[in-house]
Amino acid sequence: MITTRRSFVGSAAALTLAPLARARAQGRPKITIGVLTDLSGTYRDNTGPTSVAATQLAVEEMRPHLDCDVAVISADHQNKPDVASAIVRQWFDSGVDVAADVPTSSVALAVAEVAKEKDKLMLNASAAAAALTDSQCSPNTIVWSFDTYENAVSTGGSIVHEGFKSWYFITADYAFGQSLEQLTSQVVKKGGGEVKGAVRYPFPETTDFSSYLEQAQASGAKVVGFANAGLDAQNCIKQAHEFGLNQTMKIAPLLMFIQDPHAIGTQICGGLLTTETFYWDMNDRTRGFTKRLLAQTKRNNYPNQAHASSYASTIHYLKAVKALGPAEAKKSGRAVVAKMKALPTDDDAFGQGRIRADGRGEFPAYLFQIKTPAESKGEWDLYKLVRTTPAADVLHPLNPKCNFPAG
């Protein structure tokens with residue numbers, strides 16, 4: 001039997017809706033959160049099952065405070081916008097209230113349009129394109145804690161400030177990579193530097209980056225910037241080390257998660273810079289959240305900023321549901337987003353913060369340096385803090401068309 005994409009999407013969505021059908025029989029008001037994530041591709045460890053577990057943990061912790069039932073369902077979008085749109089459209093038509101997590105910027109931009117059309121809510125924890133709260137903003141979208149503008153300013157800006165001012169980019173050819181390259185290029189030029197070239201590779205099909213690394217080395221640039229993430233970033237870092245580029249060029253992965261140095265090792269990654277808005281070992285609250293999440297997942301995958309964002313954004317969403325009442329919350333995703341903006345945030349992953357008028361979360365950015373083997377005292381003891389940058393300095397200017405009111 002040949003399975004078409006249409007039949008696969010229909011089967012996947014139907015399977016994930018099974019908990020929804022059971023919840024309806026209970027008679028209480030019900031909220032359903034659909035975690036649309038990467039369960040099989042390049043971002044699986046950075047999002048995927050751990051993001052589903054983080055969402056479930058938030059629901060469990062909020063459940064005693066709610067006057068409604070909450071169900072969590074999930075599906076794999078395969079990093080394909082058409083697959084994601086089909087799943088989420090069926091979800092929304094069947095009563096699902098939220099599409100959560102939603103990694104891969106091209107996917108998130110497509111899902112945001114469906115959420116706006118259906119007046120549902122996209123609770124984005126892991127797609128990074130700044131367009132989500134800028135040129136393609138929506139009153140139905142929340143982007144919790146990081147984006148390409150922040151990484152360009154924090155990681156890219158720090159490297160430029162160190163005096164590395166000639167760059168060459170190796171870029172994943174879709175919305176996220178293009179945005180990260182463009183915004184970092186602006187930071188480089190503003191800092192008096194130059195961009196000597198860039199090459200864009202097919203995403204997500206590429207695993208061999210040797211020809212792109214050769215072009216970067218031949219450019220004469222002092223920095224090779226990797227405008228990618230996940231397994232692509234890992235492959236670029238490892239192959240750059242194998243080819244000896246780290247001996248002649250500054251290696252600049254522009255979006256890393258803690259899974260990347262953990263997978264590659266501190267022998268290769270030690271000394272590299274990265275920006276995250278969350279680190280598991282920052283304080284007692286982050287350590288407590290991490291301990292609870294690891295117990296939930298039963299996996300040796302410590303949370304990063306995307307997993308933490310899945311947890312924190314769900315906590316805050318459910319606080320807004322409580323404030324509005326579940327019946328009112330189900331009527332309009334736009335109204336829930338407005339309420340989320342009106343309420344201050346506070347959770348164990350990020351502490352206190354708030355949501356800006358365009359749906360972008362306002363949290364500090366932490367510039368970390370990857371520890372060397374001599375500095376690391378444990379398997380996940382990987383970051384040392386270099387600088388904390390206030391949210392106001394790493395958020396893109398508010399686009400006037402995105403000044404959606406709080407409610």
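**View 1. Both domains contribute to the lining of the largest cavity.** In this predicted model, at least three lining residues come from domain 1 (30-146 + 282-363), and at least three from domain 2 (149-276 + 366-392). Look around the centre of the cavity and you will meet Tyr43, Thr104, Ser126, Ala229 and Leu255, the residues of the lining that lie nearest to it.

**View 2. The lining of the largest cavity holds no charged residues.** Counting every residue around this space gives 14, and they split into 9 nonpolar and 5 polar. The volume enclosed is about 100 Å³. If you go hunting for others, note that the structure holds 1 cavity of 30 Å³ or more.

**View 3. The largest nonpolar core lies between the two domains.** This core brings together 94 residues, and Trp167, Ile170, Phe226, Tyr311 and Tyr317 have the most contacts inside it. Helix α13 (residues 305-324) supplies the largest share, with 9 residues. Domain 1 (30-146 + 282-363) and domain 2 (149-276 + 366-392) each give residues to the core, which is why it is placed between them.

**View 4. A second nonpolar core sits apart from the largest one.** Here 24 residues come together, and Val83, Ala99, Val107 and Val143 are among them.

**View 5. The annotated span covers residues 30-371.** UniProt lists this stretch, in an unreviewed entry, as "domain: Leucine-binding protein". Helix makes up 45% of the span and strand 21%. To picture its two ends, find the C-alpha atoms of the end residues, which lie 46 Å apart.

Notes: Residues numbered from 1 in each chain as written. Predicted model: local features only at pLDDT ≥ 70, side-chain atom pairs only at ≥ 80, totals over all residues. Heavy atoms only, no water. UniProt positions renumbered as here; feature names shortened; annotations may be inferred. Helix = DSSP H or I, 4+ residues; strand = E, 2+ residues; numbered from the N terminus. Core = buried A, V, L, I, M, F, W, Y, C linked by side-chain atoms within 4.5 Å. Buried < 20%, exposed > 50% of the residue type's maximum accessible area, 1.4 Å probe, protein only. Domains from an automatic or database assignment. 1 Å grid on protein atoms, 1.4 Å probe; cavity = no way out; pocket = protein on both sides within 12 Å on 5 of 7 lines; lining within 4 Å. Points joined across faces, edges and corners; volume = space filled by probe spheres on them. Nonpolar A, V, L, I, M, F, W, Y, C, P; charged D, E, K, R; others polar.
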